[in-house]
Each structure stands twice: as C-alpha cells, then as structure tokens.
Amino acid sequence: SFADGFNIDIEYAASDPDDIAALTALAKRAADAMHAVNPHAHVTFDVPSEGLVQEGCGQQYGRNYDFKGLADALDFLVVMDYDSDDAHAAVGANQHFLPRTTPVYIY
C-alpha cells in the first residue's frame, strides 16, 4: 500500500456520551487499521479551535469530543483555527480586500 495516512474531519455536534465514545472508538479503530497496514502512516483528526474562551474548547460548536481520547488514539489533532472576516469584525489572514464597514476589534 502507498497510503501515507488519512485525516478524519467530522464537523458534527456531539454531546451525547455514547456518541462521543463511539466517535473516539471509531477514530482509534481507523488508526489501528491504518497503522497495521503502514506503521509509519499518520492518522489525524480535525478539531475545533478553542472558540469563545468563556465556553471552552469546541463547545461553541457543540463538539464536546473526548479530546484526550482522540489525542491518545491518533497521531495528531489538527486544530481548525481559521483567520477570517467573521460576524464579530475580526480581521485575519483571509480578510477580503474591500473596506470594512464595522470597527475592528481583533488584529
């Protein structure tokens, strides 16, 4: 096999403990299967950024994943932390070139 690995990107809310445990078990099973074929492969999982600090990691998106369990099962967690022009007037790397109509509060 010429597979170098794969990335799991589940962008779906998970708050039920059974769903969270099943997602972690799926990720571990997938990583174990990939590593059985290619022990040098990387299996990664996309996770939300911290988001709103007061809500906690991933919670603003309803993704209450078992981050520790995922980190233990996989090679890397890929933090999806985009800079963008968002509804909160933040400016980042993906900012469009048109003039802003609202004040900037994050740089």
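# Exercises on a predicted model

Asn38 sits in the loop that links helix 1 to strand 2. The model is predicted, and the exercises below start from this loop and work outward.

**Exercise 1.** Decide whether Asn38 is buried or exposed, and find which backbone nitrogen lies 2.9 Å from a polar atom of its side chain.

Solution.
- Step 1. The cut-off for buried is under 20% relative accessible area.
- Step 2. Asn38 counts as buried because its relative accessibility is 15%.
- Step 3. The backbone nitrogen is that of His40, 2.9 Å from a polar atom of the Asn38 side chain.

**Exercise 2.** Lay out the order of the elements from the N terminus on, and state how the strands are arranged in the sheet.

Solution.
- Step 1. There are 2 helices and 3 strands in the protein.
- Step 2. Read from the N terminus, they follow the pattern β-α-β-α-β.
- Step 3. The 3 strands make an open sheet with the order 1-2-3 and parallel pairing.
- Step 4. Strand 1 and strand 3 (76-80) are the edge strands, each pairing on one side only.
- Step 5. From one strand to the next, the twist averages 25 degrees.

**Exercise 3.** Work out how many bridges join strand 2 to strand 3 and how many join strand 1 to strand 2, then judge how enclosed strand 2 is.

Solution.
- Step 1. Strand 2 and strand 3 run parallel and are joined by 5 bridges; one partnership is that of Phe45 with Leu77 in strand 3.
- Step 2. Strand 1 and strand 2 also run parallel, joined by 4 bridges; here Phe6 has Val43 in strand 2 as its bridge partner.
- Step 3. Strand 2 is largely enclosed by the rest of the structure, because 6 of its 7 residues are buried.

**Exercise 4.** Describe helix 1: its span, its buried residues and what they pack against.

Solution.
- Step 1. Helix 1 covers residues 17-37, which is 21 residues, and reaches 31 Å from first C-alpha to last; 30 Å is expected at 1.5 Å a residue, and the two are close.
- Step 2. Ile20, Leu23, Thr24, Ala27, Ala31 and Met34 are the buried residues of helix 1.
- Step 3. These residues lie on the same side of helix 1 because they cover an arc of only 95 degrees around the axis.
- Step 4. Their packing partners are strand 1 (5-8), strand 2 (42-48) and helix 2 (67-73).
- Step 5. Turned away from the buried side is a face that carries the exposed residues Pro17, Asp18, Leu26, Arg29, Ala36 and Val37.
- Step 6. At the start of helix 1, a side-chain oxygen of Asp16 comes to within 2.9 Å of the backbone nitrogen of Asp18.

**Exercise 5.** Place Asn7 in the structure, classify its exposure and list its contacts beyond four places in sequence.

Solution.
- Step 1. Asn7 belongs to strand 1.
- Step 2. With 37% relative accessibility, Asn7 counts as partly exposed.
- Step 3. Leaving out residues up to four places away in sequence, Asn7 touches Thr44, Phe45, Asp46 and Val78.
- Step 4. The side chains of Asn7 and Thr44 are joined by a polar contact of 2.6 Å, and those of Asn7 and Asp46 by one of 3.0 Å.
- Step 5. Asn7 and Phe76 are 69 residues apart in sequence, while their C-alpha atoms are 9.3 Å apart in space.

Definitions and conventions
Residues are numbered from 1 along each chain as its sequence is written. This is a predicted model: local features need pLDDT of at least 70, side-chain atom pairs count only at pLDDT 80 or more; totals for chains, interfaces and linings use all residues. Side-chain values use heavy atoms; hydrogens and water are left out. The expected span of a helix is 1.5 Å times one less than its number of residues. Buried means under 20% relative accessible area, exposed over 50%, partly exposed in between (1.4 Å probe, protein chains only). The arc is that of the directions from the helix axis to the C-beta atoms. Contact means heavy atoms within 4.5 Å. A polar contact is a pair of N or O atoms within 3.5 Å; within protein, one must be able to donate a hydrogen and the other to accept it, and residues adjacent in sequence count only if both atoms are side-chain atoms. Two strands pair if DSSP finds at least two bridges between them. Axes are lines fitted to C-alpha atoms, for helices over the stretch in contact, and angles run from 0 to 180 degrees between N-to-C directions.
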